[in-house]
Structure formats: C-alpha cells, structure tokens
Amino acid sequence: MTGERTPSSPTARPRHAGRLLGVIAVFGALCLCLIAWSDLRWRTTLTDTGQPIQLIDRVRLHLQAAELQAERLRAGDTSASAAAIDAELENAVLSSTALQARVRAMHDGTALNAQWIQAADRYVEQVSRSRQTLRERMADHPGSPALALRALHLDIDQTAMTMERLALEIRQERLQQQSHLSRVTLVLIALGTAGLMLLFYRHTRQREHTLDELARREAHLQAFAAAVPDVSFVLDAHGTYLEIFGQSDKLVAPAEELIGRRYQDFMPTEASQRIDAIIRRTLATREVTHTEYSIQLHGETRWFEARAHALPGEADQVVAISWDISERKHNELRVKTLSRLYSFLSQVNQSIVWTRTPDELYRRICQVAISHGHFRMAWIAQRNAQQTVLTLVAHSGAADHTVPEHQPRDLPLDATGPDAEHPAVRTWRSGHLRWDVPAGASSQAVAIPVHCNDTMTAVLVLVRERFNPDDPEEQALFNEISTDMSYALTQFQRREQWREGQDRSRLLAAALESTQDGVIVTDMRGRIVSVNRAFTEITGYSEQEALGQNTDFLHSDRQPADFHEVVRDRVLRDGRWQGELWSQRKDGAYQALWNSVATVSNEQGLPTHLVTVFTDITAKKEVEAQLQELAHVDSLTGLPNRLMVLSRLEHALAAARRKHHKVAVLYIDLDNFKNVNDSLGHNAGDQLLLGVAQRLAHRTRREDTLGRLGGDEFILVLETLRDGEDAAAVAQELLHLLASPFDVGPSEVYVQASIGISLYPDDGTEVEELLRDADTAMYQAKRAGRGTYRYYTEALTQAAQVRLQLDTRLRRALARQEFELWYQPLYRLHDRRLIGLEALVRLHQPGLPPVGPAEFIPVLEDTGHIVALGEWVTNEACRQGRAWLDEGLDFGRIAVNISSVEMQRGGTVARVQRALDTHGLAAEYLELEITESGLMQQGDHSEAFLHSLRAMGVQLAIDDFGTGYSSLAHLKRFPVGKLKIDRGFIRDLMTDSADAQLVHAMVAMGRSLGISVLAEGVETEEQMRHLRDIGCEAAQGYFFGRPAPAATARQWLNPAGTEGAGPCSGGTGATDAEVWPVI
C-alpha cells in the first residue's frame, strides 16, 4: 500500500450521504427514546410508590368506617349494624390484598423491596385477622365491637406506617437512580450532537470533493463512450434523440442530424416497432429490457441488439445501448443450419435402416427433408431406362412458384435450352454437387448426386431460402448425404441380388430334380460326380452305374471320332458349348440330344467342373422331319409354299449382293379363277390349280423357285439374271403356256393370268419390298386388260397419286352432275338398219384435263361410287328415250351397261324399275348389257338376277363375250337375247386365223342357242363383210359411227314407221383407241 487515499467513486458518494442522514435519524430517535425512557421511569417510580400509599389510606378509611359503625351500634343507632361493620372490614381486606399484589409486582431484588413485601404480607394478615377477631367477639359480646376494633387498629396502623416509611425510602432511592440516568442521557446527547456536527462537516467536504470527482468522471465517461464500438442514446417516450454517444459509423445518420428528431424517421418499420416496444415496456416496468433489430447500413443488412433502462428521476426518458451482433447472427444461423442438416442426415440414416426399396427410401428422404431439414421443397429425379430423361419419382414440400426452375418435374438429359443449366442436369453430367444460388431470388437449390455401384442413378434436389456453397462443412454434409444414399442404393441392389441368388439356388435345386432335362456334373477329367433323376430316365443308366464313370460310355458311333474332343476344347476355351449330338441308350437305341455344356469355376476363376444339361429331342427331330416337308411344300401342288419361297428369295438376294447380279420376282395371279370355283366346284378349281402348277413348272430353271402363295396366286423367283428384260420373256412364255385350255373333269377351261414383275436391286433390296412391288405391278396388269404382265416402276406410285386425285375429281363430278351421256349406234348388218343406241358416259369438266371411261370407271368401281353413277345413267337414258319418243323419233333400244359392282351391291332391279316408272318409258325400249366376267362373279345368283330383270320386260345382253369363262350350260339357262363379241377378237379378225375361228364359233353358238350376236369394235368394211358373211346379225364400231352427244345422235334417228340407213353410208376406217361402252 502506498498510503495514498484513493478517492471514492462517484457512485459511492451518494451512499456516504445516505449513511450520514441515517446516522442523524438514528441519533435523533435514540435521543428521543432516552428522554421518553427517563420520563417513563419517573412516572413509574411515582406510580409504584404512590399507589401503595393510596391503598394504605383506603384500608384506613375502611377500618375507620367500621369503627364508626361499631360506635354507632354501641350507641344504639338503629342505622348501624354488624353487617355494615363486616362489609367495611371486607373492603379493607380487599384493599390490603390489592396492596400486597402491587408491592409484589414492584419486586426488583433490592433489600428495601424485600422488606416492603414482608410488611405488605404482614399488613394483609393483620387486616384479615382483625375481621375474624371482630366476628368472634361480636358473637360473644355483642355490645363491645367498638372497643375490640380500636384495640386491633393500633397494630394495623403501626404496620401501615412501616410500609409508608419503606415506600418513601424506595421512592427516594429510585429518584436518585433516575437522577444519575438523566445526567448520563444528557452526556450522551451532548456527545451525539458533537459527533453529528463533525460528521456534517466531513459530509460537506466530501460532497464538494464528490462534485469535483463527478465532473471529472463525466469527462472520462464522455471519452469512454466515444471510444467504445457500441452506440448509446438517450431517448424520450416519443423516440426523440436527446443525447447520442458512440462511433458515427454505427449511426444511420450523423449525430447532428439525429439530435432532436425521432428514430422512426430514419429506421425501417419493423426495427422502429421493436424499439417502440422496449421503450414502452421500460417506462412501464422501470426494468431493463432488450430487443434485436436489423437495418441497412452502408449497403448491407446489419443486426443490432439494444438494451434500454429508464433514467432515474426521469419519468419519460430512457437510455439505450446498441451494439452490432451481425457476426453473432451469422454464426447462429450457421449453427441452426448445420443443426438442421445434421438432423436431416440422422433421419436419412434412419430412413436407410427402416426402408427396403429405393422408392420407399426416396419418399421418406423427401419427407424428412421437410420435417427435420426444414427445406421448402425436396424432390428426387431418377434416370429412365433409355437414360434420356430424369424422371420425377418422389417429392415433398410446398412449391415456390416464383422460381419455376426449382419446381419438381422431368428433365431431359440432352437439353440444350434453359434446362441444360438446371442444377440437376449439371449434377448428372458432372457427378458432383451443383448449386443454384441466384442473387435476389426467394429460394435457392442444391442438387446432390446419388449413385448405385458407382453408377449415377438419381439426383436429390433440395430447395430453401439460402445456401452457402463456400461453407466447407455444409458441403461435407451434403456429400455425406450423397454417400449414404448411394451406399443404401448399393445395399438395396446387393440385397436384392442376394435374395434373387438364394431364390435361384432353391429353384435350381428343385429344378435339378424335377426338370425333364438330364443333368451330368463331371470333373475336368470327364468322370461323373453327380446326375439327376431325368438322366436315368433318358439314358437308362442308374445313378450307381454312372457315378465315377467317364462319359465315354454314352457316346455313339453316329458322331465323328474327334467330335467330343472338339466340344471339350470349345468348352475350355469359351466356357460353354451347346448343340445337337447323337447318344446311345443303355438298351442300344440311338437318341438325339440337345446338349448345353458349361464350366463351373472356383473363387480364383479356374474351372473345376463341367455341367452338362441335355434334352431328348429324338421325337422332336422325327416330327421336324415330317413338318419340314409340310411346312415348306404346298399340299395341293407340291410346290414350295410361301414360307419356303420367302426363304429362298432371301438366299437369292444374299447371293445377288455378293455376285452383283439381278433377281426378278414374278407375281402370278389367275384371272377369274373364282368363276371356275363357283361354277364347276372347288374340286374342279383344285384340278385347275394343279394343272397350272405343272405347266408353270416346265418353264422353271433348276436355279429358279416356283411356289404357290395361296389361292390362285403363284410366285416365281428368277435368279442370276443378266438383264431385267429377261423376266419379260419368261412372263410371256408363261402366258403362252396358260393359253391352251385345261381339262377339268368333262369340261375344258381357259384361264389367263396377270403377272407383276419386280427387280432387285432396281425396285427394292428387301424381300417384303420386292413382293409388294410385284403385287402392285400385278394389279396394274389386271387393269391393263388381264392376260398380260407389267413391270413395277416408280410410275406406278405416281399413278396411285394420280388415281387419288382422280377420285377427288369424280366425287366432285357426282356432286355437281358433271357427267353426260353420249350415244353410239348399233346396226343390223344385212340391211344396215339402226336397231339401237348404246349409252356411253363421259366426264365433262371444262378447264381440267380430259379423262376417259377407261380411266375413271375402274376408280368408281373400286370406291363404290359406280352405283350412284349407274343410277344416274339409267335415269338419264330413260329420260332421253322418253323425249325422243315424244318427238316421234325411232331409236330402237337404248343399251345401258350394268357394272359387276352394281350387281354385287344389290338393288339393281329396283333402280331400273324406278327409272322406267319415273320417266314413263316402256321396258321394251331399254336393254341392259352385263359383262360375261361380271355374271361369272355372281356365281349361282346370276341366273336369278337375270330372270328378275327379264321379268320387268327389259332386254338383256352379255357384253365382252369371249373374255369370261361361261359355259354352254350357263348360256342355255340365262334369259339373254344378245351376245356382244369383245372387240379384242375383232381387231385381228382378218389376220389371225385363231381369232377368226373363235368369232365364227361364237356366232355359230349364238345362232344354235337362238341368241342374237353383235360384234363390237368394227372399224373396216372388210371386217363388216366378213361378219355378215358368217351370219353375225349386228355390229357397232367406228366404221358405223363414233359416240356423240344426244343432240348429234338425234340426227341419226328417223321418224317412227320409216326406214333408212341412218348415218351408216360407208366406213371411216377409224383406228382411234376404243372408248369403253360402259354404262
């Protein structure tokens, strides 16, 4: 210690002043107490010595009254009595007893006091004895109570005086003690007053020193407040800055601007509300309150903690201290974030323990990410089987629609747009954590990779308000989550593989005994160590006979000598072999086995055993041999069927690719084969097919393949062609082969074929392409008139497009009635008389390319619109015929063609009758022409159909006669009146003897049946004369007149009842292409 006096602190000095005031108060109270106590002792002394004397006087009075009563009683006063005397004596006893009690109560242990108590006791005894003595004497001597009392009073008075003397002595002694006590009290008060004066002097000096110290300390505090990093304020109840202490960089504005203004003018609403709350609470409770708030300071958000305390002596002022806690807040947030992540990681590990499948794990992880990790959204996307899309498999949480990139959804892995920058896609491509932390966004995301056996499998996306990609601990936690989930998926897979392995082992064990396949397990030297039950059933050897034996005893001599060595080498080299072999049973029978041999390796990968699984396929081989014949050969014709043809075509194309030569496919379809089936029966049809197959086979080379596809369709594959034109030569030969009639039972049948040709590699390189193209070309051959062939070309595809366009034109033409009827005259040859007109339909569409009936009729038949057109033609022909008759013109009959499609769809009879009735035309003026092929297609229904039409009164004619397959039996039953020979026979009538013979035969047949014969397509006079000479009755053709509109045809007509040659005054020799007289 230095001995220097350390000045007391300013906060201690008020305590000194308080103690001084306390001492003065205590001293004053002590003085008052001493004075009061002294006064009390005075009073007590006077009372304690005065009251006994008063009681002695009271006893004397009672004794004197008793004596007076006794004198009056002796004097004979009647008012006096013994009872009155006794009453006075009793009161004297009571007063003496009270005196005794009082004296005893004043006992203080002194000798005088003890004497006084003894005197009081004696006094009470004397008074009591005097009463008793008086009672006894009055009983003995009633007349002498006064004398007795007077004698007793002498002793009582002597004792009373003793007590009065003692009381005076006690009073004197106490008064002396009280006098000493009063002097002591005065001394104490004097000393106390002197001490107080000294203390007051010292207090005054200390107060002056304290004020000086307070001023110095205030200056120190001002400097200290300016130096500390915290900010202090003195505020009133309204938030007005009264004083400000602290560094200016922690203030929202310079201190000069803040003084006198309210903090609400400078701080955000939430911060102002928080400070308002603590000011109100502080002023209300006068206790320290605190709060936290954030403000924007120097361009960043800073957190502060404020504490407020009410200023002593100020009812509406508080002092507030505020210090920066931004770093603490950051650390708290980090700790909170890491705590949640650790909780999430813990829940992830629990989920791994309690879940059994990846889907269940995914769902649970998404749920605990929300409940324990406190993320806004969690979702998992897993690759699809094609590894092209991340498919959403689980999600949880509320979506943040303000950031659509974070929404759970499927993500294409090959995305090039905004999806390419999605954190999940970037994670998938990199295999590492990827973040999406856009500045100012309401949420951020992290994508966590999930692997399975080191293979990227899925991506976990977590969304919340903020992430810190730079925090290594946060990164480590997310990587640990990735590792744990990857481990779980790997374990799931391994567990599933183990379970499958166990199941497989049990199944294999059960299958080994229950399978129908034989199983042999051998060591590497070929010795049998195990067989199953099926081994015994297949080979005939028991297990005991086989164990320990080499497998050589199962070999047969049907295999090459080195076969088994080769198989063994293959197994040792490749680890497996399978194939067919022949074995020998115990009973010596040979059997075909399908063998599968594989090695079994130890943990080091070295083969230790061979397992052979074999199946007895002997029966199967026998059945296959039988089925091979049935599966590849057509049962009717003996030709290869479709399956074998396609197989050989495949081989032919493979050889053509190697040798660079052409291959042709000829698709052969018999024309009108259905007519033969329907008219002669299916047996006749089978005979015809067999005959066609035999003829076609004669032309087939050894390297070519002729097959039957089914029905009346055949196919011919020509290999090693040098030129595509060679196929045409073959097709032409085939058509000539089929030109001769076939003997089908008692009948001769003519048959034609349409052939489509496709070429490799010109038209296609695959089997299906060539078949399709040949089929397309075959239909083109049919449209060309049948009995011919066509190559497939690209033009056929273009023709299909043209056909589609034509169909559209025809539909529009029907709707707009853009068709019109032209007429061609029919003449009787012997007198060239007009006997009728054939109605021919034409398409009239100005501004569009012309289309003839040869083009649009087949299209209409294919689409079914031929029915509508046929009805229109029939109506128009009837209308025109009625008009000419009304004019008095004779046209004979109008011939209208009926399409085979119309007949197939039905309703023809009703449509014809309706047309006749509508226009009032007699049925005898209408002739219906039906093609021979159309009638044959109707089969047995054709006869009934013709009779229905004939019953109406219309005339019937068979058109294109000679191109179909009708028999004489059919013609004889049909109610037809005319046969029209097809122009194909008339064209070469003068140059082809075969056509001439056929025409002559048809004319003769018609005449023999009583049916009129008309020749179509007559173009020269020579043809007309030849026909007339052989007996043909009528003809039509360009020689007589071209088709013309009704206005032109009207000029050919004569008034009814007249005769003339009409327009036929000589032939034109026209050679224009034939216009089909259809409908």
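**Figure 1. Contacts across the whole chain.** Take the contacts between residues at least 6 apart in sequence: 60% of them join residues at least 24 apart. Keep in mind that this is a predicted model. The chain has 1079 residues, and 42% of them count as buried. Its secondary structure comes to 31 helices and 34 strands. As for the outside, the accessible surface is about 55900 Å², and 53% of that belongs to carbon and sulfur atoms.

**Figure 2. A nonpolar patch with Val-187.** Here's a spot on the surface where Val-184, Val-187, Leu-188 and Leu-191 make a nonpolar patch of about 360 Å². Val-187 belongs to helix H4, which covers residues 145-227. How accessible is Val-187? Its relative accessibility is 47%, so Val-187 counts as partly exposed.

**Figure 3. Strand E19 and its two partners.** Strand E19 takes in residues 713-721, and seven of its nine residues are buried, so the strand is largely enclosed by the rest of the structure. One partner is strand E17 (residues 662-671), which pairs with E19 in the antiparallel sense over seven bridges. The other pairing shown here is with strand E18 (residues 705-710): five bridges join E18 to E19, and these two also run antiparallel. Look for Ile-715 in E19: it is the bridge partner of Tyr-667, and Gly-707 stands opposite Ile-715 as well. E18 and E19 form a hairpin with two residues between the strands, and in this hairpin Gly-711 takes a positive phi near 60°.

**Figure 4. A buried salt bridge between Asp-669 and Lys-782.** Side chains of opposite charge can pair when their charged atoms come close. In this view, Asp-669 and Lys-782 form a salt bridge, and their closest N and O atoms are 2.7 Å apart. Asp-669 sits in strand E17 and Lys-782 in helix H19 (residues 767-783), so the pair links distant parts of the chain, 113 residues apart. Are these two residues buried or exposed? Both Asp-669 and Lys-782 are buried.

**Figure 5. Arg-983 meets Glu-1019.** The side chains of Arg-983 and Glu-1019 form a salt bridge at 3.4 Å, N to O. Arg-983 is in helix H28 (residues 983-987), while Glu-1019 is in the loop between strand E31 (1012-1015) and helix H30 (1021-1029), so the pair ties together parts that are 36 residues apart in sequence. Arg-983 and Glu-1019 are both buried. Elsewhere, salt bridges that share partners join Asp-669, Asp-671, Lys-782 and Arg-786 into one network. For the whole chain, the count comes to 33 salt bridges.

**Figure 6. Around the loop between E24 and E25.** Arg-832 is found in the loop between strand E24 (819-828) and strand E25 (833-843). Arg-832 isn't a glycine, yet it has a positive phi of about 50°. Its relative accessibility is 24%, so Arg-832 counts as partly exposed. You can also pick out a salt bridge here, where the side chains of Asp-831 and Arg-828 meet at 2.7 Å, N to O. Asp-831 is partly exposed at 34% relative accessibility, and Arg-828 is partly exposed too, with a relative accessible area of 29%.

**Figure 7. Two more backbone details.** Which residue in the loop between E10 and E11 is shown here? It's Asn-453, and the loop runs between strand E10 (444-452) and strand E11 (455-464). Asn-453 has a positive phi of about 55°, although it is not a glycine. With a relative accessible area of 32%, Asn-453 is partly exposed. The second detail is the peptide bond from Tyr-760 to Pro-761, which is cis, with omega near 5°. Pro-761 lies in the loop between strand E22 (752-760) and H19.

**Figure 8. Helix H22, end to end.** How far apart are the end C-alpha atoms of H22? H22 has 22 residues (866-887), and at 1.5 Å a residue they should span 32 Å; the end C-alpha atoms are 31 Å apart, which agrees. The buried residues of H22 include Ile-866, Leu-869, Val-873, Cys-878 and Trp-884. Just after the helix, Gly-888 takes a positive phi of about 85°.

**Figure 9. Thr-908 and its surroundings.** Thr-908 lies in helix H24 (residues 908-919). Thr-908 has a relative accessible area of 4%, so it is buried. What is Thr-908 in contact with, leaving aside neighbours within four places in sequence? Its contacts are Ile-898, Glu-902, Met-903 and Phe-945.

Definitions and conventions: Residues numbered from 1 in each chain as written. Predicted model: local features only at pLDDT ≥ 70, side-chain atom pairs only at ≥ 80, totals over all residues. Heavy atoms only, no water. Helix = DSSP H or I, 4+ residues; strand = E, 2+ residues; numbered from the N terminus. Expected span 1.5 Å × (residues − 1). Buried < 20%, exposed > 50% of the residue type's maximum accessible area, 1.4 Å probe, protein only. Contact = heavy atoms within 4.5 Å. Areas by Shrake-Rupley, 256 points an atom, 1.4 Å probe, with all protein chains shown as cover. Patch = residues over 30% accessible without salt bridge, like charges linked within 9 Å, V, L, I, M, F, W, Y side chains within 5 Å. Salt bridge = Lys/Arg side-chain N within 4 Å of Asp/Glu carboxyl O. Pairing = 2+ DSSP bridges.
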